[in-house]
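These are my notebook entries on a single protein chain. I record what I looked up, entry by entry.

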Amino acid sequence: MLLSVIGLGLLTVSCDDDPIPLRDPNGNVGTEFKYTWSQTADSLQTSTYNNYLGSNGTFIENNTGKSTFNYWPNAHVLDVLVDGFLRTGNENYKTRMKALVQGIKVKNGNNTYNNVFNDDMLWLANSCLRAYDATKDQEYKDVADYLWGRIKLSWSDVFGGGITWKQDTPRQKNAVSNGPAVILAMRLYEIDKKADDLDWAKKIYAWQKSNLVDPVSGAVWDNISETNGVITTNKDWVFTYNMGTWIGAGLRLYKATNEQTYLDDAVKSGRTVLTSPKLLSEGLLRDEGQGDGGLFKGILIRYFVELTEHPTINSTDKEKFAAFLKFNAQTFYKKGILRPAMFSGSNWKVAPAAGANTDLTTQLSGVMLIEAAAKLDKDGYFK
């Protein structure tokens, strides 16, 4: 589809994935260019693989030589590889996916997927089920089943329920260890149709809604904890990724139960994403830094695409959500990618400087955004 240009400065960058300028028969540059979403997704995927691949098929911390293995970003690398496979059907993605999931087990120590952080295991279990859905390879399902068994052990009656952030923090429970747990339980329910998984999803969702979601706005608060006998809900921390997983949880429960409240919750939170200064800056998802925060926006994008493409939301919301995603994707495409190296900026309107550090987390958010744009464009949402 043809979209208006921003300026000729962009055209001076030499890269196959730049916007393609339209020229008249005399060779004059026109006033429009074409976004090459799929080709740019390919180039970002290639850059990620070439610059971040470490040992045992796993990926390292950054592009400037820090080779530390971190569990949870690698779980999201698997998600990104699934994105690439679903978009292209390229068998190389399947090879990389398999090496990665096996390598995580080796690099995690003692040949196990168990991790003290429940959210880390939830990210991997969810990406494994996406890999299973894409390939029907039983190994991915087995990993998810194992992890789900471990995660459920951290549910307790402290604060009336909920799954702890870590296995050893009984008096701290976070959105990040509960929203993704609902999604995981529902993914398993879709595969196995076990009533127990649906029951788990419902009770985790109900607990999170009662304790970590603003009933008026649908904003998701980060955590509830107890220190020296004082219970505190951290309402100041509202992060993009927690909004995303809450939306994804509601959509899946609505699909399974047809109970309107789940969809209403998801839409309410989606509308808040479009208006909250805690999440946005000038219409863009805000810069949440590098490190862990570098990956937050990409996680929101993944589930916000699901909300946008949901068949039963009203046309007004659908158009606003699609326009929001389009604006973020176009801005990042034009301003947030260092070309031709294809590294992502944590601020989606500022490309990293040549030679600067880009964390794997930050890079993955950029890949997720462009993979999402390629899907939305293919599905007709950018028209």
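**Entry 1: helix α3**

Which residue just after α3 takes a positive phi? I found that G109 does, with a value of about 95°. I note here that the model is a predicted one.

I then looked at the helix itself. Helix α3 covers residues 91-107, which makes 17 residues. From its first C-alpha to its last it reaches 24 Å, close to the 24 Å expected at 1.5 Å a residue. At its start, a side-chain oxygen of N90 comes to within 2.8 Å of the backbone nitrogen of N92.

Next I asked which residues of α3 are buried. They are Y93, M97, L100, V101, G103 and I104. These residues lie on the same side of α3, because they cover an arc of only 165° around the axis. I looked up their partners as well: the buried residues of α3 pack against α1 (37-52), α2 (71-88), α4 (118-135) and α5 (138-152).

**Entry 2: M97 and the core**

I chose M97, which is found in helix α3, for a separate check. Its relative accessibility is 0%, so M97 counts as buried, the cut-off being under 20%. Apart from neighbours within four places in sequence, M97 is in contact with L78, L81, V82, F85, A131, T135 and Y140. For a distance across the model, I took M97 and N234, which are 137 residues apart in sequence and 36 Å apart in space, C-alpha to C-alpha.

I then turned to the largest nonpolar core, which has 114 residues. M97 is among those with the most contacts inside it, as are W37, L124, L147, W148, F304 and L307. Helix α12 (residues 360-378) gives the most to this core, with ten residues. In soluble globular proteins, nonpolar side chains tend to be buried together.

W148 received its own look. Leaving aside neighbours within four places in sequence, I list its contacts as A181, L184, A185, L188, D197, W200 and I204.

**Entry 3: aromatic pairs**

How many aromatic pairs does the structure hold? The number is 20. In one of them, the rings of W72 and W123 have their centres 6.1 Å apart and their planes at 35°, so I enter this pair as tilted. The pair links distant parts of the chain, with W72 in helix α2 and W123 in helix α4, 51 residues apart. Both W72 and W123 are buried.

In another pair, the rings of Y205 and Y262 have their centres 5.0 Å apart and their planes at 80°, so I enter that pair as edge-to-face. Here Y205 belongs to helix α7 (residues 195-212) and Y262 to helix α9 (residues 260-273), 57 residues apart. Y205 counts as buried at 3% relative accessibility, and Y262 counts as buried at 8%.

I also noted one aromatic cluster, formed by W72, W123, W237, F239, Y241 and F296.

**Entry 4: backbone exceptions**

Most residues other than glycine have a negative phi, and most peptide bonds are trans. I therefore searched for exceptions to this rule.

K136 is not a glycine, yet its phi is positive, at about 60°. K136 is found in the loop between α4 and α5. Is K136 buried or exposed? At 54% relative accessibility, it counts as exposed.

F159 also has a positive phi, near 60°. This residue is found in the loop between α5 and β4 (172-174), and F159 is buried, with a relative accessible area of 15%.

Finally, I found a cis peptide bond joining R339 and P340, with omega about 0°. P340 lies in the loop between β9 (337-338) and β10 (343-344).

Technical notes
Residues numbered from 1 in each chain as written. Predicted model: local features only at pLDDT ≥ 70, side-chain atom pairs only at ≥ 80, totals over all residues. Heavy atoms only, no water. Core = buried A, V, L, I, M, F, W, Y, C linked by side-chain atoms within 4.5 Å. Buried < 20%, exposed > 50% of the residue type's maximum accessible area, 1.4 Å probe, protein only. Helix = DSSP H or I, 4+ residues; strand = E, 2+ residues; numbered from the N terminus. Contact = heavy atoms within 4.5 Å. Expected span 1.5 Å × (residues − 1). Arc of directions from axis to C-beta. Polar contact = N/O pair within 3.5 Å; in protein donor to acceptor, adjacent residues only side chain to side chain. Phe/Tyr/Trp six-rings, centres within 6.5 Å; stacked < 30°, edge-to-face > 60°.
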